[in-house]
Amino acid sequence: MKTISGLKYGYLLLGASIVAMGLAGAASAAEQITFVSQGGAYQQAQTVAILDPSAKKLGITINQDSIPDAWPAIKTQVGSGKPIWDVVDTPTGYCLRGGEQGLMEKLDFSKIPNAAAMPEAYRSPYSVSYEFYSSVLAFSQKTFPKDAPNSWADFWDVKKFPGRRALRNHPIATLEAALMADGVAPDKLYPLDVDRAFKKLEEIKPNITVWWTSGAQSAQLLNDGEVDMEMAWNGRVSAVAKEGAKVAFTYNQGILQSTSLCILKGAPNMDTAVKFLNEAVDPVHQANLPLHIDYGPGNPKAFETNVIKAERAAQLPSEPANAAKQALMSYAWWSSPQGEAAEKRWAAFMQK
Amino acid sequence: MLALVSPALLVILALIVLPVGWLVWQSIYHDGFTLENYRRIVTEDIYWRSFALTFEISLLVTVLALLLGYPVAYLANAVPRGWSVLILALVVLPFWTSVLVRAYAWLALLQRTGVINQFLRYLDVIGEPLALVHNTFGTVVATVHILLPFMVLPLYATMQKIPGDLMQAGASLGAGPTHAFLRIFLPLSLPGVLAGCTMVFVLCLGFYITPELLGGGRTVMVSMLVSRNVELYNQFGAASAVAVVLLLSVLAIFFVVSRFISLDRVLGQK
């Protein structure tokens with residue numbers, strides 16, 4: 001008896017797997033791409049807001065993969081000549097550097113009308129802005145119940161604003177902040193005056209308690225009251241505030257940063273990838289993203305769709321009025337030889 | 001015999017020899033042979049500073065671990081068996097907690113709003129919180145704590161083998177306890193001291209998470225340079241070269257130590 005039911009079960013399994021194979025065959029007959037992002041809550045938010053709706057609208061299958069740091073994998077995949085991934089969502093600097101090193105496809109914007117309609121600063125020959133975050137000045141409301149620091153000049157002013165400070169242990173955005181503290185206007189930063197920035201950083205260095213390395217660490221510092229003010233990513237600060245800590249931040253002189261979409265050189269599903277790229281920056285999909293996570297849409301047209309309520313928009317880094325207060329990071333400068341030299345100089349600065 | 005050890009040899013080959021070979025290869029080959037990665041280590045003083053700092057911290061940690069560990073091992077050796085099991089259990093207990101968790105635990109103890117500062121302020125001993133973490137001090141404290149078992153266990157094992165009659169013999173010949181300890185017990189325990197110190201020193205050279213989390217960004221140890229070089233130069237060769245130099249320093253230390261005692265004593269117990 002037992003063997004018979006076991007046999008039956010076996011047939012059932014066989015039948016099921018044939019059906020499954022048929023389904024898989026049907027799916028692969030339709031167009032598909034492999035899309036890669038950074039995982040976690042961020043990728044989940046995208047799946048709901050952008051990826052699933054895009055797949056439905058285009059009638060394609062989007063296979064997802066995630067990796068915290070895509071750069072080494074991009075290098076190996078393209079280097080092998082047979083990449084598996086098609087579209088990658090990665091910090092814009094990697095798209096540019098990848099483009100320069102022949103790892104990314106040059107985009108034909110006539111096929112990507114949604115991107116072509118975006119401001120030029122929001123795209124490059126190899127990439128399109130996908131979402132925005134900002135390196136902002138965050139502070140403890142316990143230490144500063146009123147008259148809180150509101151600019152990098154305030155952050156540098158240890159007499160007027162006494163308290164413990166933290167900065168990111170990384171030159172990107174930190175050099176920009178130093179130059180703004182020294183009086184450079186947010187829209188006049190590039191090319192960065194690297195010598196001037198490091199000189200200004202030397203000035204604040206003795207007053208920096210912690211040079212943080214991970215976003216989680218920056219959140220912990222603020223949450224535990226270990227520092228009174230710091231540079232941090234807006235999403236991290238709002239998450240800490242949501243949990244009840246008395247912290248806040250200002251977008252004034254924030255450094256607006258982005259991740260972008262780019263297509264790997266020799267991607268297996270090139271045509272579908274281009275179609276997807278256009279769909280992914282569609283204003284309505286883009287407008288849906290901030291409903292699920294504290295990041296701003298990469299396409300500014302998203303704010304004209306009425307999907308994002310005015311109240312919510314005001315919290316987002318790329319909302320036009322907020323964006324106007326900030327400096328837009330030039331990834332082109334950071335991936336230039338001067339940018340790379342500045343990055344290498346950082347280690348020497350930290351160890352002096 | 002060969003058939004018995006060959007699986008183990010294969011594992012060693014696959015998991016140690018090949019990766020290390022790959023590491024060395026990457027450090028000298030990038031579009032052709034190059035010593036650029038090593039030239040950088042020799043000429044740029046950040047590498048020199050980082051190596052110096054790493055050796056300084058490792059030395060300090062080793063000395064502190066010895067000062068703290070020796071009495072513990074001595075006590076565990078001197079008390080009756082039941083008590084020594086308890087002492088050793090307490091020494092080994094932290095082993096079962098992840099290094100990351102212990103680093104955060106130290107953060108909770110040492111930071112400005114941490115337990116120690118809160119307590120001292122409650123007692124009115126200090127007005128302003130002390131800077132106990134996000135510096136070299138915090139790094140050293142946590143590292144000593146994590147590496148202490150590696151000091152205590154070899155010490156204890158060595159002390160166990162010192163015959164108790166020797167001390168009694170010394171006493172019968174008129175040596176006071178201090179004298180007997182200094183002339184008999186201490187010299188006999190030196191192989192354990194050397195073994196423990198070597199373990200702690202070498203392990204400390206490669207520490208990463210602890211200085212990263214508790215050093216506040218200023219304490220840049222060599223292992224952190226390895227990870228930073230991957231980011232900075234976008235190729236693994238630059239990082240491999242740093243790792244190779246570190247590996248060579250460790251081998252050099254083992255070589256020097258092996259002139260004094262058998263390596264079996266450092267790595268395992270005989």
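Visitor: Why is A:Asp147 called exposed?
Guide: Just count its neighbours: A:Asp147 has 9 other C-beta atoms within 10 Å. With C-beta atoms placed from the backbone, a residue is exposed if 12 or fewer others lie within 10 Å of its own, buried if 20 or more do, and partly exposed in between. So 9 puts A:Asp147 in the exposed class. This is a predicted model, where local features need pLDDT of at least 70 and side-chain atom pairs pLDDT 80 or more, while totals for chains, interfaces and linings use all residues. Residues are numbered from 1 along each chain as its sequence is written, with chains lettered from A and ligands numbered from 1 in the order in which they are written.

Visitor: What makes the backbone of A:Asp147 worth a look?
Guide: A:Asp147 isn't a glycine, yet its phi is positive, about 50 degrees. Most residues other than glycine have a negative phi, and most peptide bonds are trans. You'll find A:Asp147 in the loop between β5 (127–140) and α6 (152–156) of chain A. Helices and strands here are DSSP runs numbered from the N terminus: H or I of at least four residues for a helix, E of at least two for a strand.

Visitor: Is B:His134 buried or exposed, and how do you know?
Guide: B:His134 has 29 other C-beta atoms within 10 Å, so it counts as buried. B:His134 also has a positive phi without being a glycine, near 65 degrees. B:His134 sits in the loop between α6 (115–122) and α7 (136–160) of chain B.

Visitor: What makes the peptide bond from A:Tyr190 to A:Pro191 stand out?
Guide: That bond is cis, with omega near -5 degrees. A:Pro191 belongs to the loop between α7 and α8 of chain A.

Visitor: How do you know how α7(A) is oriented relative to α8(A)?
Guide: From their axes, which are lines fitted to C-alpha atoms, for helices over the stretch in contact, with angles from 0 to 180 degrees between N-to-C directions. The axes of α7 (residues 174–181) and α8 (residues 194–204) of chain A come within 8 Å and cross at roughly 80 degrees. Angles of 65 to 115 degrees count as roughly perpendicular, under 35 as roughly parallel, over 145 as roughly antiparallel, and the rest as oblique. So α7(A) is roughly perpendicular to α8(A). On the α7(A) side the contact uses A:Leu175, A:Ala178, A:Leu179 and A:Ala181, and on the α8(A) side A:Val194, A:Arg196, A:Ala197, A:Lys200 and A:Leu201. Contact means C-beta atoms, placed from the backbone, within 7 Å.

Visitor: How do you know that the span of α16(A) is what a helix should give?
Guide: The expected span is 1.5 Å times one less than the number of residues. For the 15 residues of α16(A) that comes to 21 Å, and the end C-alpha atoms are 22 Å apart, so the two agree. Buried in α16(A) are A:Gly339, A:Ala342, A:Trp346 and A:Ala347. The buried residues of α16(A) pack against α7, α8 and α15 (331–334) of chain A, plus α3 (45–78) and α11 (222–233) of chain B.

Visitor: Which parts of chain A touch chain B?
Guide: The contact draws 15 residues from chain A and 14 residues from chain B. On the chain A side, β7 (208–212) and α16 (337–351) each supply at least two residues. α16(A) gives the most, with 6 residues.

Visitor: What puts B:Leu232 in its burial class?
Guide: B:Leu232 has 16 other C-beta atoms within 10 Å, so it lands in the partly exposed class. B:Leu232 is in helix α11 of chain B. Leaving aside neighbours within four places in sequence, B:Leu232 contacts A:Glu343 and A:Lys344.

Visitor: What makes something a nonpolar core?
Guide: It's a set of buried Ala, Val, Leu, Ile, Met, Phe, Trp, Tyr and Cys residues joined through C-beta atoms within 7 Å. The largest such core has 92 residues, and those with the most contacts inside it include A:Val87 and A:Leu264. Apart from it lies another core, of 49 residues, B:Ile41 and B:Cys197 among them.

Visitor: How many helices and strands are in chain B?
Guide: Chain B has 13 helices and 0 strands, while chain A has 16 helices and 11 strands. Buried residues are 31% of the 270 residues in chain B and 48% of the 352 residues in chain A.

Conventions. Contact = placed C-beta atoms within 7 Å.
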